[in-house]
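Thanks for making time this morning. I would like to walk you through one model, beginning with its charge pairs and ending with its surface.

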Amino acid sequence: MSKLQEASEKEATVRFTVDMSESLHRKLSMLAARTRRKKVDIVRMLLEDGLKDVEE
């Protein structure tokens, strides 16, 4: 039952598209390969770090 409660308490997500240069995408891909992380996880981490001081 606790898993059902956790699922309902999760924050909703939104999807957005980002256009970037091929060279930036290549760097992101290389970082993902080197760290064995998904690109989306890296982008989320960078956004969270960059926005940590912004008030809601």
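**Salt bridges and a nonpolar patch**

The count comes to two salt bridges, where a salt bridge is a side-chain nitrogen of Lys or Arg within 4 Å of a carboxyl oxygen of Asp or Glu. Please bear in mind that this is a predicted model, in which local features need pLDDT of at least 70 and side-chain atom pairs count only at pLDDT 80 or more, while totals for chains, interfaces and linings use all residues. Residues are numbered from 1 along each chain as its sequence is written, and side-chain values use heavy atoms, with hydrogens and water left out.

One of the pairs joins Asp41 to Arg44, with the closest N and O atoms 3.6 Å apart; both residues lie in helix H3, three residues apart, about one turn of the helix (helices are DSSP runs of H or I, at least four residues, and strands are runs of E, at least two, numbered from the N terminus). Asp41 is partly exposed at 36% relative accessible area, and Arg44 is likewise partly exposed at 48%, on a scale where buried means under 20%, exposed over 50%, and partly exposed in between, with a 1.4 Å probe and protein chains only.

Lys52 pairs with Asp49, the closest N and O atoms being 3.2 Å apart; here Lys52 counts as exposed at 58%, whereas Asp49, at 49%, counts as partly exposed.

Turning to the surface, which residue of helix H2 should we look at? Leu24 is found in that helix, and it is partly exposed, with a relative accessible area of 46%.
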